[in-house]
Amino acid sequence: MAKPKKAAARRGASPAKLPKVGAGELLTLLDFVRYAISRFTEAKLVFAHGTTDPVAEAAFIVCEALHLHPDQFEAFATARVTSAEGKKILDLIARRVTTRKPAAYLVNKIYMRGLPFYVDERTIVPRSFIGELLDQHFGGDGDDEAGSLISDPHAVERVLDLCTGSGCLAILASRNFPNAEIDAVDISKDALEVAARNVGDYGLQDRLTLYRGDLFKPLDGKRYDLIISNPPYVDAEGMASLPRECRAEPKLAFDGGADGIDIVRRILDEAAAHLTPQGGLLCEVGRCRPQIDAAYPQLPLLWLDTEDSEGEVFWIAGADL
């Protein structure tokens, strides 16, 4: 979790004004991206909500304002922007700086593995590493040097996503396991409303069922070939120092108790009763690996890395729980 920025504005103070942009001073997509980067850097914004730096965030905002997929930015980087489009981009940049809200909330969209998902303040902005790991380790591709943790994804019949939030990981899992029925659980009614919208957008109502409840409680003893979870895992110290961007998100989605692993403990303690003999658990815990290792020294946890993370997600076979 990113550290908070200290020089917060005084409560009640007017938000900083952005410099005026004259007609014809910004012309192309690249011009607007450069301007946004300067403003974001000047304002010391925090980036941890689908983009990791001011360059990626600026390109994301510009593309969303112009109804372009992020992958299309390079093709149109030197294209000129109309006056109306430019005003829209500048408004988004100004709102990002003055409100400190995550950009995903300003445009009601986030991308995971190249797929768009609707988000708003009712749910945390998705940024889990699990989507990447599903592609890396669960494809059943014998040529993959990383190996596959499930040999035949087509044989997976049931998948559970705990703490589903916006439902994005459950939807990604439906693509990795084409024959599986997916269950997704969250304790938040608001988050499930967002998830339901995403499930509907992807036409998965017949395969993906949403449950409201506390972890495994609403599932009536069902067993799964795979359980995935990105639960709350911020400890008390981290909760006290959340940056403004994160404070715009639901507190419930972050708070993992004093040491950050209250929810993770419950998942580890209860998962075995909900896994098939060949099943396993994939769980993201952020920077809580030391706490997990200390609490469960007997468990043969396999810690998995991604392009942007090291040891923040573990895998364990149900037989080892």
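Helix H7 is largely enclosed by the rest of the structure, because 8 of its 9 residues are buried. Keep in mind that this is a predicted model. H7 packs on an open sheet, where it touches strands S3, S4, S5 and S6. That sheet has 7 strands with mixed pairing, and much of what follows is about how its strands and helices fit together.

**Helix H7 and its surroundings**

- Which residues of H7 are buried? They are Cys168, Leu169, Ala170, Ile171, Leu172, Ala173, Ser174 and Asn176.
- H7 (residues 168-176) has helix H6 (residues 130-137) as a neighbor: their axes come within 10 Å and cross at roughly 10 degrees. An angle under 35 degrees counts as roughly parallel, so that is the label for H6 and H7.
- On the H6 side, the contact is made by Ile130, Gly131, Leu134 and Asp135. H7 brings Leu169, Leu172, Ala173 and Asn176 to it. These four H7 residues are also on the list of buried ones.

**The sheet as a whole**

- Reading across the open sheet, the strand order is S5-S4-S3-S6-S7-S9-S8.
- S5 and S8 are the edge strands, each pairing on one side only.
- From one strand to the next, the twist averages 20 degrees.
- H7 sits against this sheet, and its direction makes about 170 degrees with that of S4.
- Helix H8 lies across S4 and S5 and runs at about 170 degrees to S5.

**Strands S3 and S6**

- How much of S6 is buried? The count is 6 of 6 residues, so S6 is largely enclosed by the rest of the structure.
- S3 is mostly covered too, with 4 of its 5 residues buried.
- S3 (158-162) and S6 (224-229) run parallel and are joined by 4 bridges.
- If you want to find that pairing in the viewer, look for Val159 with its bridge partner Leu226 in S6. Another pair to look for is Leu160 with Ile227.
- S6 also pairs with S7 (residues 275-284), in the parallel sense and over 5 bridges. Here Ser229 stands opposite Cys283 in S7.

**From S3 through S4 to S5**

- S3 and S4 pair in the parallel sense over 5 bridges. Arg158 stands opposite Glu181 of S4.
- Together, S3, H7 and S4 make a right-handed β-α-β unit.
- Next along the sheet, S4 (residues 181-186) and S5 (residues 208-212) run parallel, with 5 bridges between them. One pair to pick out is Ile182 and its bridge partner Leu208 in S5.
- How does the chain get from S4 to S5? The path goes through helix H8 (residues 189-201), and this β-α-β crossover is right-handed.

**Loop residues with a positive phi**

- As background, most residues other than glycine have a negative phi. Two residues here are worth a look on that score.
- Lys44 has a positive phi, near 55 degrees, and is not a glycine. Its place is the loop between helix H1 (29-43) and helix H2 (54-65).
- Is Lys44 buried or exposed? Its relative accessible area is 53%, and the cut-off for exposed is over 50%, so Lys44 counts as exposed.
- Asn108 is another residue other than glycine with a positive phi, about 55 degrees. You'll find Asn108 in the loop between helix H5 (103-107) and strand S1 (110-112).
- With a relative accessible area of 29%, Asn108 is partly exposed. That value falls between the 20% limit for buried and the 50% limit for exposed.

**A buried serine in the S8-S9 loop**

- Ser309 lies in the loop between strand S8 (302-304) and strand S9 (313-317).
- Why does Ser309 count as buried? Its relative accessibility is 7%, and buried means under 20%.
- The side chain of Ser309 has a partner in Thr306: a polar contact of 2.7 Å joins the two side chains.

Notes
Residues numbered from 1 in each chain as written. Predicted model: local features only at pLDDT ≥ 70, side-chain atom pairs only at ≥ 80, totals over all residues. Heavy atoms only, no water. Pairing = 2+ DSSP bridges. Helix = DSSP H or I, 4+ residues; strand = E, 2+ residues; numbered from the N terminus. Right-handed = clockwise from strand over helix to strand, strands pointing away. Buried < 20%, exposed > 50% of the residue type's maximum accessible area, 1.4 Å probe, protein only. Polar contact = N/O pair within 3.5 Å; in protein donor to acceptor, adjacent residues only side chain to side chain. Axes fitted to C-alpha atoms, helices over the stretch in contact; angles between N-to-C directions. Parallel < 35°, antiparallel > 145°, perpendicular 65-115°, else oblique. Contact = heavy atoms within 4.5 Å.
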